[in-house]
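Colleague: I have a model open and I'd like to learn how to read it. Could you walk me through a few features?

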Amino acid sequence: MESSEAIRPEKMGPLVMKETWNTPGSVVSWELAENVYIVRGECAGMVFIFLSDDMFRMKLFHGQVPDLTTSAAVMNENCVPHLFPVEETDGQLIFTTSDIRLIIEKSSFLLRVENTAGKTIMQQNLASWNPRGASHAEYDMQPKSHFYGLGEKSSFLDKRGERYTNWNTDVFAPHLPEIEALYESIPLIIHMHGDLTYGLFLDNTGRSDFDMRSHGIAFTIGCSTGSYDIYFINGPEMKDVVKRYTTLTGRIALPPKWAIGYHQSRYSYMNQQEVLQLARTFREKNIPCDVIYLDIHYMDEYRVFTFDPVNFPDPQRMISELGELGVRIVPIVDPGVKKDPKFEVYKEGVLEKHFCRRLEGDIFFGEVWPGISAFPDFSDSRTAEWWGDLHKFYTDLGIQGIWNDMNEPAVFNESKTMDLDVMHFNNGRAVTHEEYHNLYGMMMSKATYEGLAGHMGGERPFVLTRAGYAGIQRYAAVWTGDNRSFWEHMAMAMPMVLNMGLSGLAFAGPDIGGFAHHTSAQLLVRWTQMGVFFPYCRNHSSIGTLRQEPWSFGEEVEGILREFIGLRYRWMPHLYNLFHEAEICGLPVIRPLVLEYPRDPHVTNLCDQFLLGDNVLIAPVYRPDTDHRSVYLPEGHWIDYWDGEIHAGGCHILAAAPLHIMPMYVQAGTFTAEGPLKQYALEDKAETVIFHLFGAEVGSGFSAGYSLYEDDGHSFGYRRGQYSELKVQAEGTEGALVLKWAYTVQDYRPRRELLQFALCYPNFSIAGVEGLAEISLEQLKAGRTGWAYNGKKGAIIVQINDAAEGGELLILAHE
Ligand code: MIG
């Protein structure tokens, strides 16, 4: 007699079973419950929540009641459900807002979004799931489709023809075009076809994939666990998508100014003397610098919240000496807490149950720098607060910035991360690590940001992170991890950071000079030239590689780096303005041309040049021994920042770029704002602003404007209205140019007496300024008001007293 054992599965040989993918079937009913539209199909349902005329959420669900919780990415306060008219016909359900119509085909559950002119914006053909809990859907793609977003990904700007995975991964090497997953996961795709653009954001913190390669006429979005929870974000312009996406997941918090200065790092500066010496060298050499990073060697055997007693015996003294030089410290903090029963943080973490555990209760241990370590469960507010409060250790020393690394989390094992069955207790809604993974790093940075803010008495904290998920921009700047000192990696940083900007991460940048491998003089020069115009600007390199501090390659290189780092500081008012813009409307600091010129067919995949804001074009040299490069100028006129030559746009030009020049162009008829050169961002100097107006013209029809945002640069006072807004306007008239300026808000007063206007390369010759005397450049420098010729940059600089009531100037042209 045989028992059931006779048919044990493994005795049956390999079974070929077709994986069944199920679809919702046809629509059987729909209802409205608390402003949520629930549409039920034969096998599953979908909920639709309209967040505005241009944004809705759709979620596949099983069973009677949909679960409407969102991940921490979503700013629920901006997600009030709206009601819109629904029309039901025999074959369709139609939802109409003022901008779009969502049409559901009842027979197939096919979804289509149209604009008011009846053009299809988006079509979802099939949402399906398999018995293992994976889901995916297919969306129409056009011959002219282009794809952007997805945060930190390798390869070019346009993601058409690519496939990516979202699974936060510590990829030391290699960052090749075929690498599908890096440290950050932003499951947002922006699809542009013709004059229509929309975004789809998949709010799923497990593994997901976006495939714009394999299906020809469709692209797919899938996830291997968790729910299929998608936000449709309407354009029609890419800018609209970015703005709307950032109302959904939040915008950067305006950083303290010092955080957007030049930063110097190395794995590692090994001791207190070295750090102090480094800071003094910056000051002796007059190379501006705001921050020095402390990598893992500052700690006592890699225990977080400690200093090595031998190499860093007196952090307090070190920090106060650095403070006198205007240099700050940003120490690294990894999530792994060393398993050491004598280590307070570990002990407390175990006793108070702060570490990630398996369901049955065992703490998960993994190996990282400190050896065997436990990992805080940041998903629980209780633990997040505990971790945040531990940062008092740093804030008590005057530290205001923290660097979060290894927070994918990276673990030295085969999977490179935590086991998938480890639990996150998530304030009572426990989930597995498999479902939660991509959120881990962001929740660490959130805890850090909030902990710092809580102990800094109203000062703005700075957090830098390697891992993150959608929404990370609210808490941290992001650097792009372990790149290498390859020219290819310098070039790749452009599309990578540009797409991060389109994905809400306005404050991002790569390790300048390259982290691993050995940099070279030329590579460091070219990379720094580019890097000083990136939102986040840090030179960092790995242990065992050639040194790459700015003076590492002799005087010529040092001189060029001093100039370019100085340029970042002189451009600080303009840069800071752009950060302010990113905070209030979500647009990135640096932008791919396609964001500003979406109808220009030359720029859909242009990513070896970029825009700073909307009017400054930066064209880095990214190949060795190269002293020319081609530059594409979009429509309009563009003025060479270095020599004033004016170029008609809409064509390619060949730019000369000897080593000390990086080609840069300013759009004719626009302003930039510069300030004084400083050695660190908050150096106390008179804040004389110089409004540079490029290519001014007389005659009616010429008009240019600029709005300068200013505040104290370090506190949260601006959120209580302590800021100022200075508007300048230039208008051409018959034979003259009228310049007006006025404070539209002035609840903060910068320390300044003088304002300057520089007419750079005007299109007319200047006869004088009404009511002002011509003075020499020396007198101008000494603070006299008047106007002066400046042979170098522009024909004329006007200096006036900065008066609260504003004023007006008339610049007269020669006949
Ligand atoms: O590579 O802390 O990406 O910036 O210097 C091992 C040491 C761990 C990875 C980071 C890098 C940092 C390094 N860390």
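## Salt bridges, strands and a ligand

Modeller: Sure. Let's begin with charge pairs: the count here comes to 47 salt bridges. Keep in mind that this is a predicted model.

Colleague: What's the general idea behind such a pair?

Modeller: Side chains of opposite charge can pair when their charged atoms come close. Take aspartate 209 and arginine 163, whose side chains meet in a salt bridge at 3.7 Å, N to O. Aspartate 209 sits in strand β16 (residues 208-211) and arginine 163 in strand β12 (residues 163-166), so this pair ties together parts that are 46 residues apart in sequence.

Colleague: Is aspartate 209 buried or partly exposed?

Modeller: Aspartate 209 has 22% relative accessibility, and because buried means under 20%, aspartate 209 counts as partly exposed. Arginine 163, at 24%, is partly exposed too.

Colleague: Which residue does arginine 570 meet in a salt bridge?

Modeller: The partner is glutamate 674, again at 3.7 Å from N to O. Here arginine 570 belongs to helix α11 (residues 554-570) and glutamate 674 to strand β43 (residues 671-674), 104 residues apart. Arginine 570 is partly exposed at 25% relative accessible area, whereas glutamate 674 is buried at 4%.

Colleague: And where do aspartate 802 and arginine 752 lie in the chain?

Modeller: Both lie in loops: aspartate 802 between β51 (794-801) and β52 (807-813), arginine 752 between β47 (736-746) and β48 (754-760), with 50 residues separating the two. Their closest N and O atoms are 3.0 Å apart in a salt bridge. Aspartate 802 is buried at 9% relative accessible area, and arginine 752 is buried at 6%. There's also a network: salt bridges that share partners join Asp170, Asp405, Glu408, Arg466 and Asp482.

Colleague: Okay, strands next. How do I read the side chains there?

Modeller: In a regular strand the side chains alternate between the two faces of the sheet. On β15, Leu196, Tyr198, Leu200 and Leu202 point one way, while Thr197, Gly199 and Phe201 point the other way. Seven of the seven residues in β15 (residues 196-202) are buried.

Colleague: What does β15 pair with?

Modeller: Strands of a sheet pair through backbone hydrogen bonds, either parallel or antiparallel. β15 pairs antiparallel with β14 (residues 188-193) over six bridges, and methionine 192 has threonine 197 as its bridge partner in β15. β14 and β15 form a hairpin with two residues between them, and glycine 194 in the turn has a positive phi of about 60°. β15 is also joined to β18 (residues 229-234) by five antiparallel bridges, with phenylalanine 201 opposite tyrosine 231.

Colleague: How many strands does the open sheet with β35 have?

Modeller: Six, in the order β35-β36-β37-β42-β39-β40, with antiparallel pairing. β35 (590-591) and β40 (646-648) are the edge strands, each pairing on one side only. Inside that order, β39 (residues 637-640) and β42 (residues 664-667) share three bridges, and isoleucine 639 is partnered with valine 666.

Colleague: Last one: which residues are closest to the ligand?

Modeller: Asp295, Trp369, Asp405, Asp482 and His540, out of 13 that surround the ligand. That shell divides into eight nonpolar, one polar and four charged residues. For polar atoms, aspartate 405 has a polar side-chain atom 2.7 Å from a ligand nitrogen. A side-chain N or O atom of aspartate 482 lies 2.4 Å from a ligand oxygen, and for histidine 540 the corresponding distance is 2.9 Å. Taken alone the ligand exposes 350 Å², and the protein buries 94% of that.

Notes. Residues numbered from 1 in each chain as written. Predicted model: local features only at pLDDT ≥ 70, side-chain atom pairs only at ≥ 80, totals over all residues. Heavy atoms only, no water. Near = heavy atom within 4 Å. Polar contact = N/O pair within 3.5 Å; in protein donor to acceptor, adjacent residues only side chain to side chain. Areas by Shrake-Rupley, 256 points an atom, 1.4 Å probe, with all protein chains shown as cover. Nonpolar A, V, L, I, M, F, W, Y, C, P; charged D, E, K, R; others polar. Buried < 20%, exposed > 50% of the residue type's maximum accessible area, 1.4 Å probe, protein only. Helix = DSSP H or I, 4+ residues; strand = E, 2+ residues; numbered from the N terminus. Pairing = 2+ DSSP bridges. Salt bridge = Lys/Arg side-chain N within 4 Å of Asp/Glu carboxyl O.
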